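Biologist: Please show the sequence and the structure, and then we can go through them.

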Protein chains: 4
Amino acid sequence: MSLPPQLRGVVTPLLTPLAEDGGIDVDGLHRLIEHVIAGGVAGVFVLGTTGEGPALTVALRREVVTESCKAANGRVPVLVGIADSALGEAVALSEFCASEGADAVVTTGPTYFPVSQAELQTYVRKLAGASPLPVFLYNMPSHAHVAFSADTVMRVADLPGVAGLKDSSGDIMYLQNLGRLLGKRDDFTLMVGPEEMLADAVLLGIHGGVNGGSNLFPELYVALYEAASAGDVPKTRALHDLVLEVSRRLYCTTDSTSSYLRGIKCAASQLGLCRNVLAAPYAPFEGAQVDAIRNHLHELRALEGIS
Amino acid sequence: MSLPPQLRGVVTPLLTPLAEDGGIDVDGLHRLIEHVIAGGVAGVFVLGTTGEGPALTVALRREVVTESCKAANGRVPVLVGIADSALGEAVALSEFCASEGADAVVTTGPTYFPVSQAELQTYVRKLAGASPLPVFLYNMPSHAHVAFSADTVMRVADLPGVAGLKDSSGDIMYLQNLGRLLGKRDDFTLMVGPEEMLADAVLLGIHGGVNGGSNLFPELYVALYEAASAGDVPKTRALHDLVLEVSRRLYCTTDSTSSYLRGIKCAASQLGLCRNVLAAPYAPFEGAQVDAIRNHLHELRALEGIS
Amino acid sequence: MSLPPQLRGVVTPLLTPLAEDGGIDVDGLHRLIEHVIAGGVAGVFVLGTTGEGPALTVALRREVVTESCKAANGRVPVLVGIADSALGEAVALSEFCASEGADAVVTTGPTYFPVSQAELQTYVRKLAGASPLPVFLYNMPSHAHVAFSADTVMRVADLPGVAGLKDSSGDIMYLQNLGRLLGKRDDFTLMVGPEEMLADAVLLGIHGGVNGGSNLFPELYVALYEAASAGDVPKTRALHDLVLEVSRRLYCTTDSTSSYLRGIKCAASQLGLCRNVLAAPYAPFEGAQVDAIRNHLHELRALEGIS
Amino acid sequence: MSLPPQLRGVVTPLLTPLAEDGGIDVDGLHRLIEHVIAGGVAGVFVLGTTGEGPALTVALRREVVTESCKAANGRVPVLVGIADSALGEAVALSEFCASEGADAVVTTGPTYFPVSQAELQTYVRKLAGASPLPVFLYNMPSHAHVAFSADTVMRVADLPGVAGLKDSSGDIMYLQNLGRLLGKRDDFTLMVGPEEMLADAVLLGIHGGVNGGSNLFPELYVALYEAASAGDVPKTRALHDLVLEVSRRLYCTTDSTSSYLRGIKCAASQLGLCRNVLAAPYAPFEGAQVDAIRNHLHELRALEGIS
């Protein structure tokens with residue numbers, strides 16, 4: 001599949017199914033991709049934060065790329081996270097992605113070394129110049145510790161090969177401002193990360209979301225996208241409330257910042273989509289925490305609209 | 001060389017000499033190591049922040065390890081930074097370090113994924129269990145975005161294989177508190193990162209410093225360590241003032257956070273120690289900035305005590 | 001006027017017109033209140049951040065209260081900001097407000113001393129117990145340096161006298177979560193501060209906004225509220241775009257955090273609503289900055305929908 | 001007493017003894033000032049953070065000023081904190097301080113409204129121009145949320161009436177840099193706030209400390225100042241260790257940021273210096289917490305050097 005000029009809809013930031021020995025659970029990966037394609041998503045984004053990409057060795061990352069491209073098999077585009085502290089490694093992974101048939105790569109900008117906006121722009125210019133695949137920007141300051149300012153996005157948005165932005169900052173005003181500046185272009189994609197903001201963003205013109213919950217319940221997120229995109233406020237509100245229920249019950253069971261990732265993987269394992277195995281630095285939920293997720297899933301599935 | 005039970009003195013966080021094509025400047029690396037050993041340093045720490053470790057590809061990091069061990073040749077211990085977002089890569093690099101004859105590895109904890117203190121302790125436990133070499137902790141919150149709390153340090157300091165801490169937080173109260181808690185052990189090393197704090201830290205009992213300026217003027221930092229270690233306050237103050245002059249003139253020529261790394265590498269190139277080449281995301285100083293560093297170096301070398 | 005059980009619509013965080021000598025411009029204050037009432041706002045909030053309340057002496061604050069109550073004269077409710085580092089001063093001002101006929105007071109929680117959520121809850125409990133007027137919470141972490149967690153809001157929302165929340169955090173997920181938790185109550189008011197979020201918030205069920213731009217163009221913000229409240233997405237988008245234009249042209253003319261307050265006051269002076277005088281620590285725009293605001297106002301008034 | 005051109009030694013940031021009804025405990029205030037003068041301190045700083053100044057009403061602040069001047073009676077200088085969100089209130093308090101015979105006022109810069117460094121410099125210029133008393137800068141970013149950059153300090157240090165700086169940032173590099181820039185002037189005072197940094201700061205040339213623990217054990221802090229000032233490293237280390245013990249046992253009994261203030265006031269009440277009463281937003285320790293402080297005091301007083 002080649003990437004459309006503009007992505008619209010829900011892209012799943014794919015969980016990475018892992019085996020007990022820490023390797024890739026290839027069957028789980030294929031199964032999960034079938035699940036989300038069947039649910040109507042517009043693409044998959046592998047090796048992102050939800051996919052634990054930066055926590056996997058280079059060899060495992062490459063295996064995920066190869067298998068995801070095989071599984072998607074041209075039905076939806078495959079985007080690949082290449083966050084790395086070394087530009088050389090990011091470029092090498094981009095080249096590998098191209099060779100395997102992926103459709104785009106996604107960069108947080110450099111990690112570890114703090115950069116100015118001018119340095120960040122230079123970085124994107126170098127990466128886009130060297131990458132054989134289109135590059136999406138991934139604004140993820142909570143993890144990458146660098147933020148793409150609106151001015152930086154505008155400056156790099158015209159570079160050949162820069163195709164869009166996923167904003168996971170949680171700052172709706174930033175994203176709307178970019179919508180005002182870039183939303184009329186039909187060859188640049190603006191996506192929102194936090195699923196709790198999917199309704200807001202799409203109602204006011206953002207093109208879609210890259211939302212973790214679509215690993216679990218792809219139809220729900222796709223339906224919310226469609227209602228908001230159609231300007232159906234009552235339906236949007238109702239589906240938005242369901243999304244907030246998913247978030248509250250599955251991602252917030254502890255105070256730690258790891259609750260989201262541990263919760264969603266645990267829930268996915270309860271749904272039979274993958275095993276409850278995480279890469280370091282995180283450990284899977286155990287015992288009472290697993291029970292809580294199981295109960296919350298049970299409650300959720302009793303709500304109309306979640307299946 | 002095997003690592004002594006406790007390091008004392010100045011350890012150089014070694015710059016990584018790079019060639020114009022981005023590869024390792026092997027001759028420069030050997031020359032720089034000779035320079036700092038001749039200046040009396042107690043060890044070298046390669047692939048740290050000053051060494052741009054996380055900005056280098058895995059292959060280049062390995063080359064630095066191999067060549068540094070050859071160059072040091074047992075005269076001083078070689079410590080190697082293994083900061084990585086993937087534990088598996090950090091362990092693999094540790095194993096490589098052991099095979100090449102390095103003496104210890106240095107971990108910031110996991111990068112990218114935010115961790116709680118409990119998760120950080122688990123990470124260190126796994127790393128120390130898997131690493132064939134002793135592990136130093138590297139408290140570097142400005143870059144790694146995780147901080148080792150005093151409680152965490154205490155909890156992991158007793159693990160087999162955990163050998164010491166380099167604190168680059170800039171928080172003298174944190175370091176002194178650890179000095180109070182751990183300073184009496186003769187098998188655990190406490191080192192301060194920022195050279196502007198070397199005088200303070202050593203006067204009050206910290207074992208030494210891992211200070212970037214010792215790439216340039218190793219004798220100065222060694223002399224300051226010795227004066228402070230001997231409790232000679234007037235001499236410490238005089239040498240400390242020189243260290244502050246180095247910092248002001250070479251590391252602060254622009255407002256950006258990259259000024260330190262760009263300034264020190266430019267100065268090292270002016271001193272003939274390496275080329276003025278940096279890895280992305282940083283670019284070397286050019287033009288007027290190089291002139292400024294040259295002039296500042298000239299002024300510094302006119303001061304008594306810097307050579 | 002007594003406060004309705006739930007405020008809905010746009011409340012103006014009133015600018016405080018000042019005379020050249022730093023005193024209150026009483027005529028300006030009356031004129032501004034007429035202007036916003038004529039524009040259809042649902043209330044005025046005096047001595048907030050936009051009103052420079054904390055920058056005014058206690059005597060000036062009292063004069064603002066007295067004159068605002070006179071000017072509003074029961075046509076719309078008058079809410080009064082009582083942010084202070086001393087609880088005793090906040091209570092004293094509440095008592096004065098009651099005596100002058102104001103309708104509610106608005107607290108940021110304590111300023112200066114950092115508090116835990118438990119300490120913040122105790123503070124609200126004491127204040128609500130001592131205040132003769134209903135108390136609104138004002139979540140304003142950028143200035144007050146304390147944030148009301150959702151849990152804290154839930155715990156104090158049932159106290160007698162706690163009437164609502166204005167959220168100026170810029171975190172739409174926080175506000176929507178409170179909407180989920182409290183939005184069905186008909187006696188508790190949820191308002192959004194940043195006008196760039198008014199469309200989002202109201203589309204998804206928040207009761208209205210306390211938006212600075214309504215000092216200048218009250219009809220615009222009231223129309224946006226009404227469109228969003230009615231679920232009219234196309235009209236909401238069009239008016240929302242106008243609000244973003246106001247924000248971009250009037251509040252962002254410099255990089256400083258004072259641009260908002262200096263810009264809005266300068267614009268209000270150009271519109272003949274008040275003088276271009278600010279209280280320390282801020283100084284009014286001068287020269288080219290005034291020209292820029294004048295030109296931007298001219299451009300704005302050429303857009304359909306702004307008058 | 002008129003203020004010397006340069007203060008040297010330990011200045012006590014005086015606790016404010018409060019009565020059970022929230023008023024000033026005048027007898028306690030006189031007793032506490034006798035206690036610290038007897039212990040050899042070089043001055044008292046009332047209405048600072050330790051003195052809960054910003055938490056007291058204006059009327060109570062004035063009573064503290066009047067009574068402190070009476071109690072000090074010219075034996076040591078009286079400095080008064082005037083932190084306020086309104087410049088007009090700060091100036092009014094300065095005038096009152098002058099009329100009561102205080103020696104200097106201490107400003108954090110404006111609270112509540114965020115300011116740029118240029119705005120901060122203007123604020124200091126206005127305040128120093130209007131204040132009849134010399135003005136000290138109080139760098140207290142954790143509470144005032146504004147920091148005096150080194151450049152700002154240099155720019156205002158030459159203004160008539162600007163007399164010195166108390167640095168409570170905890171950043172030893174910042175303070176040492178100011179020591180390098182201003183330490184040779186004999187008419188400008190540099191003081192360190194956190195007592196855990198008193199040894200460091202004075203060993204390297206800072207003029208003294210404004211240290212909360214000197215409310216309790218003034219002789220200890222004065223002895224530490226004298227040892228460090230004389231360059232006696234062994235004695236400095238020994239006394240510094242005692243100061244760290246005080247800090248650990250009395251200020252860190254809970255995780256909250258209020259532990260310092262609640263702990264020191266509880267300890268002072270145990271020593272018979274004042275009552276265990278705090279102004280909102282803080283509440284005094286109770287029950288087991290009081291017992292813990294009592295036991296820790298008992299342990300401390302068993303150490304040689306604390307009395």
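Modeller: Helices (H or I, at least four residues) and strands (E, at least two) are DSSP runs, numbered from the N terminus. This is a predicted model, where local features need pLDDT of at least 70, side-chain atom pairs count only at pLDDT 80 or more, and totals for chains, interfaces and linings use all residues. Residues are numbered from 1 along each chain as its sequence is written, and chains are lettered from A in the order in which they are written.

Biologist: What does the secondary structure of chain A come to?

Modeller: Counting such runs in chain A gives 12 helices and eight strands.

Biologist: Why is chain A as compact as a globular protein of that length?

Modeller: The radius of gyration is taken over C-alpha atoms, and the globule rule is 2.2 Å times the number of residues to the power 0.38. For 307 residues the rule gives 19 Å, and chain A is close to that, so it is as compact as a globular protein of that length, with a radius of gyration of 18 Å.

Biologist: What percentage of the residues of chain A count as buried?

Modeller: Buried means under 20% relative accessible area (1.4 Å probe, protein chains only). Of the 307 residues of chain A, the buried part is 64%.

Biologist: Which three residues of chain B supply more of the area that it buries against chain A than any other three?

Modeller: Buried area is the accessible area (1.4 Å probe) that two parts lose on being put together, summed over both. Between chain B and chain A it is about 2900 Å², with 64% from carbon and sulfur atoms. Of the area that chain B buries, 27% comes from B:Tyr112, B:Phe113 and B:Pro281.

Biologist: How many residues does the contact take from each chain?

Modeller: Contact means heavy atoms within 4.5 Å. The contact takes 38 residues from chain B and, from chain A, 39 residues.

Notes: Heavy atoms only, no water. Buried < 20%, exposed > 50% of the residue type's maximum accessible area, 1.4 Å probe, protein only.
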